Amino acid sequence: MSSAGGDSQSDPRAELRDIVAGTREWLVELAEEGLDDLKIPVIEPAMAKPAAPSPPEPAEPKAPVHREAPARADLSLLRDGPDWGPSPTLDTVRETLGDCTRCELCARRQTIVFGSGNPDADLMFVGEGPGEQEDKQGLPFVGRAGELLTQMIEKGIEIPRPDVYICNIVKCRPPGNRNPKPDEVAACRPFLDGQIAAVKPKVIVTLGKPAASLLLGRDVPITRVRGTWHEYQGIPLMPTLHPAFILRQYTPENRRLVWEDLKAAVARMRELGGRA
Ligand code: SF4
């Protein structure tokens, strides 16, 4: 639980704060895995009064349903994809994808949602898969979660959305917004790798647990890995919460966490000579 264990042993209030913080982290994890009915209490950072009830949540419109369960990063299912070479272009990757029927998600899609943004972006966002609006429009993150992501990018870190690159693990909408299956993820992953090889971002930000789990190669608890640095193919990777989750749990604390993650991502990108 908390690293402040020594203090907790001598301070019952600190111990209670640790217990509350740990319980909240676990609830966030469950909620992001699809248990939408959970009400997670807001614990403000100061937590000066551990026994006091959390302030009531402001009434927020219900967000679109997110995936019901996280994808498991099953490396044994990963297939060899095309050899992109050192410098593919996004056009090459898209042409190779073609009118793809490599997995069963092709059956009910309206459009392939390949990705959008600057082909030379220094900051790349990777989500899980298209939703209903994305499937209709052929663009990633254009529903309510997408609007929030756009705000996070344009108002939060003050970068025009067209200057970053945004895509998903799978390019076709899973029916009913279910989670993509491991074999679907495996079929589509080579094209995500192609996009990363083409864009060559300075920093990757994964949105939500499934994207983080896939790129980190293991099932990760998003509340523990968010805000910490990792690497994917030598590129610094910052996991953060999915905007659909933020819509569901629209708390000052969750917004602060994402804000901190994005600020860290931009700072790292600039350290590495990135523009924007
Ligand atoms: S999800 Fe990916 S691999 Fe599956 S059909 Fe769509 S583009 Fe092809």
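The exercises below, each with a worked solution, concern a predicted model of a single chain with a ligand.

**Exercise 1. The chain as a whole**

Task: Find how many helices and strands the chain has, and what share of its residues is buried.

Solution:
- Step 1. Count the elements: the chain holds ten helices and six strands.
- Step 2. Take the chain length, which is 276 residues, and note that 50% of these are buried.
- Step 3. Turn to the surface: about 12900 Å² is exposed, and carbon and sulfur atoms supply 52% of that area.
- Step 4. Look at contacts with a separation of 6 or more; 73% of them join residues 24 or more positions apart.

**Exercise 2. The ligand shell**

Task: State which residues surround the ligand and how the shell divides into nonpolar, polar and charged residues.

Solution:
- Step 1. List the surrounding residues: L97, C100, R102, C103, L105, C106, R109, K171, C172, A187 and C188.
- Step 2. Sort them by class. Cys, Leu and Ala count as nonpolar, while Arg and Lys count as charged.
- Step 3. The result is eight nonpolar residues, three charged residues and no polar ones.
- Step 4. Place the ligand: it sits in the largest cavity.

**Exercise 3. Helix α7**

Task: Decide whether helix α7 is largely enclosed by the rest of the structure or not, and say why.

Solution:
- Step 1. Locate the helix: α7 covers residues 209-216.
- Step 2. Check each residue against the cut-off, since buried means under 20% relative accessible area. K209, P210, A211, A212, S213, L214, L215 and L216 are buried.
- Step 3. Because eight of the eight residues are buried, α7 is largely enclosed by the rest of the structure.
- Step 4. Look just past the helix: G217 follows α7 and has a positive phi, near 75°.

**Exercise 4. Positive phi outside glycine**

Task: Work out where N177 and K200 lie, and whether N177 is buried or exposed.

Solution:
- Step 1. Recall the general rule: most residues other than glycine have a negative phi.
- Step 2. N177 is not a glycine, yet its phi is positive, about 60°. K200 is not a glycine either, and its phi is positive at about 50°.
- Step 3. Find the loops. N177 lies between β3 (165-168) and α6 (182-199), whereas K200 lies between α6 and β4 (203-207).
- Step 4. Apply the cut-off. N177 has a relative accessible area of 12%, so N177 is buried. K200 has 43% and therefore counts as partly exposed.

**Exercise 5. Two strand residues and I204**

Task: For M124 and I235, find the strand each belongs to and how many Å separate its C-alpha atom from that of I204.

Solution:
- Step 1. M124 is in strand β2 (residues 123-127). I235 is in strand β6 (residues 235-240).
- Step 2. M124 and I204 are 80 residues apart in sequence, but 4.8 Å apart from C-alpha to C-alpha.
- Step 3. I235 and I204 are 31 residues apart along the chain, with 7.0 Å between their C-alpha atoms.
- Step 4. Leave out residues up to four places away in sequence and list contacts. M124 is in contact with Y165, C167, Q195, I196, V199, P201, V203, I204 and V205. I235 touches I196, P201, K202, V203, I204 and H230.
- Step 5. Judge burial. M124 has a relative accessible area of 0%, so M124 is buried. I235 is buried as well, at 12%.

**Exercise 6. Two partly exposed residues**

Task: Locate V142 and Q151, and find which residues V142 contacts beyond four places in sequence.

Solution:
- Step 1. V142 is in the loop between α4 (132-137) and α5 (144-156). Q151 is in helix α5.
- Step 2. Partly exposed lies between the 20% and 50% cut-offs. V142 has a relative accessible area of 24% and so is partly exposed. Q151, with 42%, is also partly exposed.
- Step 3. Leaving aside neighbours within four places, V142 is in contact with Q133, E134 and Q137.
- Step 4. Read the distances. V142 and E132 are ten residues apart in sequence and 9.4 Å apart, C-alpha to C-alpha. Q151 and R161 are ten residues apart along the chain, with 8.8 Å between their C-alpha atoms.

Definitions and conventions: Residues are numbered from 1 along each chain as its sequence is written. This is a predicted model: local features need pLDDT of at least 70, side-chain atom pairs count only at pLDDT 80 or more; totals for chains, interfaces and linings use all residues. Side-chain values use heavy atoms; hydrogens and water are left out. A residue is near a molecule or strand if one of its heavy atoms lies within 4 Å of it. On a 1 Å grid over the protein atoms alone, a cavity is a set of points where a 1.4 Å probe fits but cannot get out, and a pocket is an open set with protein on both sides within 12 Å along at least five of seven lines; lining residues have an atom within 4 Å of a point. A molecule sits in a cavity or pocket if more than half of its atoms lie within 2 Å of its grid points. Helices (H or I, at least four residues) and strands (E, at least two) are DSSP runs, numbered from the N terminus. Buried means under 20% relative accessible area, exposed over 50%, partly exposed in between (1.4 Å probe, protein chains only). Contact means heavy atoms within 4.5 Å. Accessible areas come from the Shrake-Rupley method with a 1.4 Å probe; for residues, only the protein chains shown count as cover.
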